[in-house]
Structures are given as C-alpha cells and as structure tokens.
Amino acid sequence: MSMLLKRTNYLIFKSIFGDEKNTDILASFLKAALRLPDEEYSHLTLTNPASTIARVDDKTVVLDVKVYTKSRHIINVEIQVADSPELRHRFAFYASKLLTEQIYKGQSYQLKKVV
C-alpha cells in the first residue's frame, strides 16, 4: 500500500510553495497561473503571512503564502480543498487587508497591485 501524501495537504503545499528554498517552483507556478511579465519573477520574497491588526477585536488573517514580486506586487497564494459559499467573500477580505496594510495615516494612496 502506497503512503503518498496528498498534494492538497497544507503542510505539503507550504513546503513546496512557502519555502524560500523553492522560490523557483513558486515562480514557475505563478508564471503558469498569472499573466504578469516574466521579469516579475526574477526575485520573489516570501513574507510573514499574518496580517497586522489594529484593534483587539479585528479579524485575523493568515495567508497560506504571501509573496512580493520584483516590482513589489503582492500575491496571495492560497490552497482550497473544498468549495465554500464564503470563499469569494474571504478572498475579497484578504485582498482588502493586503491593500490597507500598505498605507498609514497621512500617506498617499499609491498602492501596489494585489493578486
């Protein structure tokens, strides 16, 4: 009997796409999935996937993999094993958190692209 781990296992996903040693694999995946120019992937930076919270009662967001491209676009790479009625809303919420984390009081609204 084979003891293979499922590709959809969260730990397997994180070890493949969320490890600095595997940014070449992540870059290949993003090139296949997104229509961003190849030069964007010459340097990928994985960052802390936890979002900042301003208040104690804020909803916490922990992304599966949070990536900055060469031109500092922010990409959220998520694994979803099953469809959920809330999925579209959750992704919209994640994107809004990635946008609002970029600026602070008094700063301009020059936001980086969020994918």
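The exercises below, each with a worked solution, concern a predicted model of one protein chain.

**Exercise 1. The overall layout**

Describe the secondary structure of the chain and the order of its elements.

Solution.
- Step 1. Count the elements: the chain has 3 helices and 3 strands.
- Step 2. Read along the sequence: the pattern is α-α-β-β-β-α.
- Step 3. Turn to burial: 30% of the 115 residues count as buried.
- Step 4. Turn to the surface: the chain exposes about 8,500 Å², and carbon and sulfur atoms supply 56% of that area.
- Step 5. Look at contacts along the chain: of those with a separation of 6 or more, 48% are between residues 24 or more positions apart.

**Exercise 2. The largest nonpolar core**

Find the residues with the most contacts inside the largest nonpolar core, and the elements that supply at least two of its residues.

Solution.
- Step 1. Take the core as a whole: it has 14 residues, and L26, L30, L44, V65, V67 and V77 have the most contacts inside it.
- Step 2. Assign elements: at least two residues each come from α1 (10–17), α2 (23–33), β2 (65–68) and β3 (74–77).
- Step 3. Compare the shares: α2 gives the largest, with 3 residues.
- Step 4. Check for another core: a second, separate one has 5 residues, including L63, Y68, I74 and L98.

**Exercise 3. Two valines of the core**

Determine what V65 and V77 are in contact with, leaving aside neighbours within four places in sequence.

Solution.
- Step 1. Start with V65: its contacts are F13, K14, F17, G18, L26, L46, I75, N76 and V77.
- Step 2. Place V77: this residue lies in strand β3.
- Step 3. Decide whether V77 is buried: its relative accessible area is 5%, and the cut-off for buried is under 20%, so V77 is buried.
- Step 4. List the contacts of V77: they are F13, L26, F29, L30, D64, V65 and V67.
- Step 5. Compare the two lists: F13 and L26 appear among the contacts of V65 and also among those of V77.

**Exercise 4. A glycine between two helices**

Locate G18, classify its exposure and describe its surroundings.

Solution.
- Step 1. Locate the residue: G18 is in the loop between α1 and α2.
- Step 2. Classify it: a relative accessibility of 31% falls between the 20% and 50% cut-offs, so G18 is partly exposed.
- Step 3. List its contacts beyond four places in sequence: these are F13, L46 and V65.
- Step 4. Give the separation from V77: the two residues are 59 residues apart along the chain, and their C-alpha atoms are separated by 9.0 Å.

**Exercise 5. The largest pocket**

State the volume of the largest pocket and describe its lining.

Solution.
- Step 1. Give the volume: the pocket holds about 200 Å³ of space.
- Step 2. Name lining residues: there are 14, and I75, N76, V77, E78 and V115 lie nearest the centre.
- Step 3. Assign elements: α2, β3 and α3 (87–100) each give two or more residues to the lining.
- Step 4. Find the largest share: α3 supplies it, with 4 residues.
- Step 5. Sort by type: the lining has 12 nonpolar residues, 1 polar and 1 charged.

**Exercise 6. A residue of the last helix**

Is Y94 buried or exposed, and how far is it from N76?

Solution.
- Step 1. Place the residue: Y94 is found in helix α3.
- Step 2. Apply the cut-off: the relative accessible area of Y94 is 9%, which is under 20%, so Y94 is buried.
- Step 3. Give the distance: Y94 and N76 are 18 residues apart in sequence and 8.3 Å apart in space, C-alpha to C-alpha.

**Exercise 7. R72 and K113**

Describe the backbone of R72 and the contacts of K113.

Solution.
- Step 1. Place R72: this residue lies in the loop between β2 and β3.
- Step 2. Look at its phi: R72 has a positive value of about 70°, although it is not a glycine. Most residues other than glycine have a negative phi.
- Step 3. Classify R72: at 41% relative accessibility, R72 is partly exposed.
- Step 4. Place K113: this residue lies in the segment after α3, and it is partly exposed at 43% relative accessible area.
- Step 5. List the contacts of K113 beyond four places in sequence: these are L36, H73 and I74.
- Step 6. Give one distance: K113 and H73 are 40 residues apart in sequence and 5.0 Å apart in space, C-alpha to C-alpha.

Key:
Residues are numbered from 1 along each chain as its sequence is written. This is a predicted model: local features need pLDDT of at least 70, side-chain atom pairs count only at pLDDT 80 or more; totals for chains, interfaces and linings use all residues. Side-chain values use heavy atoms; hydrogens and water are left out. A nonpolar core is a set of buried Ala, Val, Leu, Ile, Met, Phe, Trp, Tyr and Cys residues joined through side-chain atoms within 4.5 Å. Buried means under 20% relative accessible area, exposed over 50%, partly exposed in between (1.4 Å probe, protein chains only). Contact means heavy atoms within 4.5 Å. On a 1 Å grid over the protein atoms alone, a cavity is a set of points where a 1.4 Å probe fits but cannot get out, and a pocket is an open set with protein on both sides within 12 Å along at least five of seven lines; lining residues have an atom within 4 Å of a point. Grid points are joined across faces, edges and corners, and a volume is the space filled by probe spheres set on the points. Ala, Val, Leu, Ile, Met, Phe, Trp, Tyr, Cys and Pro count as nonpolar, Asp, Glu, Lys and Arg as charged, and the others, Gly among them, as polar. Accessible areas come from the Shrake-Rupley method with a 1.4 Å probe; for residues, only the protein chains shown count as cover.
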